[in-house]
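Me: Hi! Can you walk me through this one? I'd like to start with backbone angles.
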Amino acid sequence: MKFLYLKQALMQSLFPINMFEILYHKSANLLYESLLIIAISPVCSQASKPDFSPVFPPQQQDNREMFRSVRHMIYDLIEWRSQILSGTLPQDELKELKKKVTAKIDYGNRILDLDLVVRDEDGNILDPEQTSTISLFRAHEVASKQVEERLQEEKKQNIDINRQAKFAATPSFALFVNLKNVVCKIGEDAEVLMSLYDPLESKFISENYLVRWSSCGLPKDIDRLHNLRAVFTDLGSKDLKREKISFVCQIVRVGRMELRDNNTRKLTSGLRRPFGVAVMDVTDIINGKVDDEDKQHFIPFQPKEFPHLVDRSTAVARKMGFPEIIMPGDVRNDIYVTLVQGDFDKGSKTTAKNVEVTVSVYDEDGKRLEVLNVIFPGAGDEAISEYKSVIYYQVKQPRWFETVKVAIPIEDVNRSHLRFTFRHRSSQDSKDKSEKIFALAFVKLMRYDGTTLRDGEHDLIVYKAEAKKLEDASTYLSLPSTKIELEEKGHSATGKSMQNLGSCTISKDSFQISTLVCSTKLTQNVDLLGLLKWRSNTSLLHQNLKQLMKVDGGEVVKFLQDTLDALFNIMMENSESETFDTLVFDALVFIIGLIADRKFQHFNPVLETYIKKHFSATLAYTKLTKVLKTYVDNAEKCGITDQLFKAMKALEYIFKFIVRSRILFNQLYENKGEADFRESLLQLFKSINEMMSSNSDQTVIHLGQWEVSLPWLGWEKIFESLPTQSSLEFWCCWILC
């Protein structure tokens, strides 16, 4: 009788009946046991078949908008139900999610004009046989009020639905800026630098957009007149949630030390001097709350759809950091270097020095990388071989906070270093020519362990020596570059007296920089580096695969394509051996689990793109199927349960890899081994069915996860990997398993 009731309930559901008929004919006891597992949580049971699912009112059946609303609600309930069944949510989040489930169901009942369901505080349906009439009435009043409030919220949200839909269409946004004019009496040539800034975190969040402005009040590049446009890209949902974002425009005067000096023939020119700054709050613009397009534009970064705004002449200022989604093929190798501050002794001078810092990139032989200019002062400007800082007049402790982007070819990074030279600049040209470099600092871009320079601030050692010696890289490259390295080698970094190291002297001066590496090829994690370069030392491969699962998820997803390529290359290059199959499978499950996490769920499209366009392991299907079957066959063994549960959660993408691998194999070998593939799948599903029929406590949790994963396995793709006749035979055989 129980089974007949369940069948009747399924027959009345909004879900396609043919889907349930297949399950119904498969195994009566199996279906009933599966539904019992689902019903462990009453709220989860409601989510699997919400109150509004049995009946769709006749008056609403032709209402397409209503149907779409209900369909979206069902999708939400399916997603939330999966989260509840996963068993990974903390208690507080689980409680909040249950409230969302019941609120969604009640809201669905209301818009469909169905009966209101009365619930207790935990969201469970009140039993009228056990609850007094007065209590039911009061609960009904509370529920009605909550549903009405929800309806009002929906109406308010609908006001901004077009704007939200526009933002939801892409995970990456861009701020479009069109510079019309610089109305400012400068008197000399100038640099106009524009960037986005977070005032609460006190940091810039984008590259500079740089426009060089002439003393006559026009762009130096006259061809760009009325065409000074830039797009600040890679802004994501986290940036939209920032409490405040400012648009900062800095003006740097390029010319004399002091404007009041008139005898220009005797004065030093070309000096970069601070002039002014302007700030505008663009929080509302970035959140799409300003609609005056004559003043500013905020657009999703899709240049093909906005040809009137974005063309080849438009500068692209990227975010200082990775976008929220890094698609396969998006290669980036940028190092942002910020001159933070310094403290320079006046020495023999009566006043503090006018310090100018010159930044350049040299190789290990002391040659400057001039063949390819690698320093970018700002988007919209050409790359240069060296960058000169702003000069603060007679300031002992200058604070620059100037950022440049260094883009070095990947093959040159391991032998390159940043070199900072310090020079006093005089306002008198004759004196300025006699001023030599008085100190130097440097930092290597690669660490001793093969990883790149760490992000963050670095206290560099300021070395002094004869100017000619400072120009020779062999003089200083063997010396420590930071105060931390100095202490590691047993020297004091806080002494007041100068220390001699070789032919250089450690100065009492101080200099601080900060760096940020944005590279899809260079990692700062030694464990991940070991896997990516596994061929260089295969004896450590077993250790590298295990260590991968300890790497921070944020670092793994940045190198998602390279990491997946490495895993499948290991599997394919050891095709005759099973030594690494289980470890590679576990690593793959780990990566899929990362992307399933809410923190990285926006990388789902990246994984889908990788499978469709970049995955090429034609024999992976045999090894993945075999390892998964082994785990299922040993579900009750100690030590297997946790890993099998993780595999069950990753089942959707495991099957996508299996199917894609087999399709690629078919394309190469014209259905060779089709019988073996079909048999391996049948044996796998037989093992799963046997596990599901087990009454062991260890397998209960796997049953629920299997039920959650079942609809998402991509059956049409599985059949696509088999010939038509074999697909029908496979389907019939699987039903009868």
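Me: Is Ser202 buried or exposed?
Reply: Ser202 is exposed, at 51% relative accessible area (exposed is over 50%, buried under 20%, partly exposed in between, with a 1.4 Å probe and protein chains only). This is a predicted model, where local features need pLDDT of at least 70, side-chain atom pairs count only at pLDDT 80 or more, and totals for chains, interfaces and linings use all residues. Residues are numbered from 1 along each chain as its sequence is written, and side-chain values use heavy atoms, leaving out hydrogens and water.

Me: What's the phi of Ser202?
Reply: About 55°, so a positive value, although Ser202 is not a glycine. Ser202 sits in the loop between strand E2 (189-198) and strand E3 (203-204); strands are DSSP E runs of at least two residues, helices H or I runs of at least four, numbered from the N terminus.

Me: Why point that out?
Reply: Because most residues other than glycine have a negative phi.

Me: And what about phi of Asp234?
Reply: Asp234 has a positive phi too, near 70°. Asp234 belongs to strand E5, and at 8% relative accessibility it counts as buried.

Me: New topic: what lines the largest cavity?
Reply: Asp455, Val517, Ser519, Leu522, Thr523, Gln524, Glu555, Lys558 and Phe559 (a cavity is a set of points on a 1 Å grid over the protein atoms alone where a 1.4 Å probe fits but cannot get out, and lining residues have an atom within 4 Å of a point).

Me: Which elements give two or more of those residues?
Reply: Strand E19 (504-519) and helix H18 (553-558).

Me: Last one: where is Leu225?
Reply: In the loop between strand E4 (209-213) and strand E5 (228-235). With 33% relative accessibility, Leu225 counts as partly exposed.

Technical notes:
On a 1 Å grid over the protein atoms alone, a cavity is a set of points where a 1.4 Å probe fits but cannot get out, and a pocket is an open set with protein on both sides within 12 Å along at least five of seven lines; lining residues have an atom within 4 Å of a point.
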